[in-house]
Amino acid sequence: MATLLKLFPTCTWTGRLAHLSRKGWAQSRSGRLLPCFPASQRCASTTSYLTVEMDDNTGVAVVTMKSPPVNSLSLDFLTEFSISIEKLEMDRKCRGVILTSGLPKVFSAGLDIMEMYGKGPEHCAEFWRAVQEMWLKLYGSNMITIAAVNGSSPAGGCLMAMACDYRIMADNPKYSIGLNETLLGIVAPFWFKDTMMNTIGFRATELALQLGLLHNAPNALRVGLVDELVPEKEVLSAASTAISKWLAIPDHARQITKSMMRKPTIDRLLSHRDQDINNFVSFITKDSIQKSLQVYMERLKQRKT
Ligand SMILES: CCCCCCCCC/C=C/C(=O)SCCNC(=O)CCNC(=O)[C@H](O)C(C)(C)COP(=O)(O)OP(=O)(O)OC[C@H]1O[C@@H](n2cnc3c(N)ncnc32)[C@H](O)[C@@H]1OP(=O)(O)O
């Protein structure tokens, strides 16, 4: 309860979480206790990093990421994100999610580099499990998921967008999206690679990953990394229009089809999850990799001066 109050401090779904009776709780598939809300309520909740606005009429929740300055994916952010998606997954009325950014110019800067720099193996392992969990929740969601990419979206940000069913990006050539890990001297893990291959195909992924390509918006559309470009101000409304087409499909048919397409990729991570964490920890804690991260961060900061 204390954790939930921390995570959902300004929850306005039916009143404050503290007022929820025991009856108002439900157990998630992973055994976690989560708040469960009556059928006819309109819902809006704010956590430290996310705003979730649920429209009961459409069955669509808009999840807005707000972690200044660049929505980098820290351990706390990822934990909140996974809990929020799980909560929506359990809400029978929620059929779709639009994921967007509440910050100017950036959808998400990807993994918080500071979570991987100068940290011990235990922290790195916990962080990586949270990264895996975010992807498992989003890529494996039964809900319709639309990324409204209203800014740049490198690396982990691109992974988040690719984990959705459909991507709409702001038509701004200054915004870029891609898996740029090699530019940092690190390597996109196999499930990042699989997700990209499932999205844009083998050859385009091979090029993109080795070169660490960050595609500007027009190129992202050309390679199929995003599905639509729209004027910046219209990203959210275009996402609403797009999701209405998906909502017209019977859920069970769409969900089984989605699972058929994605399950082999998800199972591959699930069956190698601990090994993937061990690989990450031994890779990221190497002196040479730490040095690469340090140089990259310094370059990022120098760009400003
Ligand atoms: C074998 C296999 C095993 C596994 C091997 C390991 C696999 C690891 C997989 C890794 C996946 C990743 O996502 S790695 C993360 C990759 N991400 C990136 O390369 C993004 C880098 N950031 C950017 O390009 C830009 O910041 C961008 C997002 C476009 C926004 O540009 P802006 O000009 O608006 O903002 P900036 O001035 O650059 O940034 C504002 C501040 O945020 C900081 N900042 C920016 N991105 C940050 C980030 N990702 N993490 C932390 N801090 C970040 C900057 O340093 C600034 O800090 P101050 O100067 O203090 O204000």
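**Notes on the loops, the ligand shell and one helix pair**

1. The loop between β5 (60-65) and α2 (75-90) holds P69. The model is a predicted one. The peptide bond that runs from P68 to P69 is cis. Its omega is near 5 degrees. Check this bond when you look at the backbone of the β5 to α2 loop.

2. N71 sits in the loop between β5 and α2 as well. Is N71 buried or exposed? N71 counts as buried, because it has 28 C-beta neighbours inside 10 Å and the cut-off for a buried residue is 20 or more.

3. What does N71 touch, once its neighbours within four places in sequence are left aside? The contacts are M65, S101, L103, V106, F107, S108 and A109. A109 also appears among the residues that come nearest to the ligand. N71 can be paired with D112 too: the two are 41 residues apart in sequence. In space they are 8.5 Å apart, C-alpha to C-alpha.

4. K105 has a positive phi, about 75 degrees, although it is not a glycine. Where is K105? It belongs to the loop between β6 (96-101) and α3. K105 counts as partly exposed, because its C-beta neighbours inside 10 Å number 15 and partly exposed lies between 12 or fewer and 20 or more.

5. A155 is another residue other than glycine with a positive phi, here near 50 degrees. The loop between β8 (153-154) and α4 (156-162) contains A155. A155 counts as buried, because 26 C-beta neighbours lie inside 10 Å. A155 is also one of the residues that come nearest to the ligand.

6. Now the ligand. How many residues are around it, and which come nearest? There are 28, and A109, G110, L111, A155 and G156 come nearest. By class, the shell has 17 nonpolar residues, 6 polar and 5 charged.

7. Which element gives the largest share of that shell? α10 does, with 4 residues. α10 and α11 (287-302) each supply at least two residues of the shell.

8. α10 also packs against another helix. Helix α3 (residues 121-139) and helix α10 (residues 273-284) meet at an angle of about 130 degrees. Their axes are 9 Å apart. That angle makes α3 oblique to α10, because it is neither over 145 nor within 65 to 115 degrees. The crossing of the two helices is right-handed.

9. Which residues make the contact of α3 with α10? From α3 come P121, C124, A125, W128, R129 and Q132. From α10 come R273, D276, I277, F280, V281 and I284. The contact divides into 8 nonpolar residues, 1 polar and 3 charged.

10. Last, the chain as a whole. It has 11 helices and 12 strands. Of its 305 residues, 42% are buried. N71 and A155 are buried residues. Take the contacts in the chain with a separation of 6 or more: 74% of them join residues 24 or more positions apart.

Conventions
Residues numbered from 1 in each chain as written. Predicted model: local features only at pLDDT ≥ 70, side-chain atom pairs only at ≥ 80, totals over all residues. Axes fitted to C-alpha atoms, helices over the stretch in contact; angles between N-to-C directions. Parallel < 35°, antiparallel > 145°, perpendicular 65-115°, else oblique. Left-handed = near helix turned anticlockwise from the far one by under 90°. Contact = placed C-beta atoms within 7 Å. Nonpolar A, V, L, I, M, F, W, Y, C, P; charged D, E, K, R; others polar. Near = placed C-beta within 6 Å.
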